[in-house]
Amino acid sequence: MTGATGMLGHKVAAAAHAAGHGVVTADHAKCDLTDADATTAFVASVAPEAIVNCAAYTDVDAAEEHEAVALRVNADAAGNVARAGAAAGARIVHLSTDYVFDGVNDRPWLESDRPSPLGAYGRTKLAGEAQVALATPEHAIVRTAWLFGVGGPNFVDTMLRLAAGHDEVAVVTDQTGSPTWTGHLAPALVALAAEVRQTGVFHGAGGGQATWHGLAAETFTRAGVACRATATTSDAFKRPAPRPAWSVLGTERDPGVRLPPWTQGLQGHLDEIKESA
Ligand SMILES: NC(=O)c1ccc[n+]([C@@H]2O[C@H](COP(=O)([O-])OP(=O)(O)OC[C@H]3O[C@@H](n4cnc5c(N)ncnc54)[C@H](OP(=O)(O)O)[C@@H]3O)[C@@H](O)[C@H]2O)c1
């Protein structure tokens with residue numbers, strides 16, 4: 001698997017171990033996936049049955065300024081991994097994002113909805129989906145959203161850090177999405193990697209929906225911290241990359257990837273933080 005030093009990747013490696021699979025990681029230091037020859041040689045030497053590709057350029061704001069760099073990782077490297085996997089006879093599970101959608105909808109986004117990214121990150125991830133699909137029919141492209149989990153910077157941990165030094169934190173109420181715990185997503189990806197008849201695009205995100213403000217408030221309540229989430233808007237909290245206002249992910253696939261409610265995921269994450277403290 002790739003991206004194993006990342007937030008989702010290290011959880012996927014652990015979930016694969018726990019499920020009894022042999023796991024080989026293609027960490028960035030071992031193999032730069034933007035190098036097609038190195039990627040082909042690495043994958044051929046491992047001869048995996050399946051590859052879960054968690055490697056990505058994930059800095060949404062920096063991608064606005066460095067779209068060409070993001071494209072090399074999110075699209076070209078994804079294509080390299082998928083072509084190398086196909087040559088080795090491996091099935092590919094590739095991660096994508098809710099940011100392929102423009103945020104204009106009145107119901108959860110389904111797999112058959114037309115992507116229309118607002119920003120550079122979403123454009124490069126959509127280009128990656130295309131490269132993977134072109135490389136091999138044996139692919140599962142899993143769009144997920146609003147990830148949190150141990151081992152990587154994420155919104156929940158940022159809120160907890162801010163709560164330690166503030167009585168209140170202003171959080172936007174005008175973006176709604178599907179918060180997703182890596183602890184729920186990782187085992188689902190491992191199961192999908194072993195399920196050869198499941199191909200195409202899947203949406204895999206925490207059940208239910210929340211605004212960033214709602215997620216912050218629930219985090220403070222469950223963590224038992226005194227900090228209060230106050231309401232603000234995206235206009236008052238300008239960032240380089242535009243964010244979709246509505247990026248709740250649903251699924252029309254049966255069987256698809258169905259994860260527990262995000263509130264359960266939040267509790268799982270908070271419990272894991274407590275256990276590791
Ligand atoms: N985080 C979210 O909220 C979110 C939401 C929706 C979808 N996703 C998708 O979910 C996946 C995992 O996200 P994440 O947040 O876990 O990512 P992450 O923590 O940023 O990890 C990305 C991983 O990719 C590796 N990588 C980057 N460039 C590479 C290259 N050229 N060659 C080899 N490895 C490279 C990184 O290694 P180095 O650090 O050593 O470079 C790191 O291990 C990504 O596909 C992302 O687009 C994430």
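In which sense, left-handed or right-handed, does helix H8 pass helix H9? Keep that question in mind while you open the model, which is a predicted one, and begin the tour with the two helices it names.

**First stop: H8, H9 and H6**

Select residues 212–223, which form helix H8, together with H9, and you will find the two packed at an angle of about 45°, with their axes 11 Å apart. That angle makes H8 oblique to H9, and the crossing in which H8 passes H9 is right-handed.

Now keep H9, residues 262–276, on display and add helix H6, residues 155–163, whose axis comes within 11 Å of the axis of H9 and crosses it at roughly 60°. H6 and H9 are therefore oblique to each other, and H6, too, passes H9 in a right-handed crossing.

**Second stop: two backbone details**

From H9, move to the loop between strand E11 (246–247) and H9, where Pro255 has its place. Select Asp254 along with Pro255, and look at the peptide bond that joins them, which is cis, with omega about 0°.

Next, go to the loop that runs between helix H2 (36–46) and strand E1 (50–53), and pick out Ala47 there. The phi of Ala47 is near 50°, which is a positive value in a residue other than glycine. Both details merit a pause, because most residues other than glycine have a negative phi, and most peptide bonds are trans.

**Third stop: the ligand**

Select the ligand and then the 24 residues around it, of which Thr5, His28, Thr58, Tyr121 and Lys125 come nearest. Which kinds of residue make up the shell around the ligand? The shell divides into 13 nonpolar, nine polar and two charged residues.

If you colour the model by secondary structure, you can see that helix H1 (7–18), strand E2 (91–97) and helix H5 (120–135) each supply at least two residues of this shell, and that E2 gives the most, with three residues.

Finally, show the individual atoms and look for the polar contacts one at a time. A side-chain N or O atom of Asp32 is 2.9 Å from a nitrogen atom of the ligand, while a polar backbone atom of Leu33 is 3.1 Å from a ligand nitrogen atom. On the oxygen side, an oxygen atom of the ligand has a backbone N or O atom of Ala56 at 3.2 Å. With these contacts in view, switch to a surface display: the ligand taken alone exposes 900 Å², and the protein buries 79% of that.

Methods
Residues numbered from 1 in each chain as written. Predicted model: local features only at pLDDT ≥ 70, side-chain atom pairs only at ≥ 80, totals over all residues. Heavy atoms only, no water. Near = heavy atom within 4 Å. Polar contact = N/O pair within 3.5 Å; in protein donor to acceptor, adjacent residues only side chain to side chain. Areas by Shrake-Rupley, 256 points an atom, 1.4 Å probe, with all protein chains shown as cover. Helix = DSSP H or I, 4+ residues; strand = E, 2+ residues; numbered from the N terminus. Nonpolar A, V, L, I, M, F, W, Y, C, P; charged D, E, K, R; others polar. Axes fitted to C-alpha atoms, helices over the stretch in contact; angles between N-to-C directions. Parallel < 35°, antiparallel > 145°, perpendicular 65-115°, else oblique. Left-handed = near helix turned anticlockwise from the far one by under 90°.
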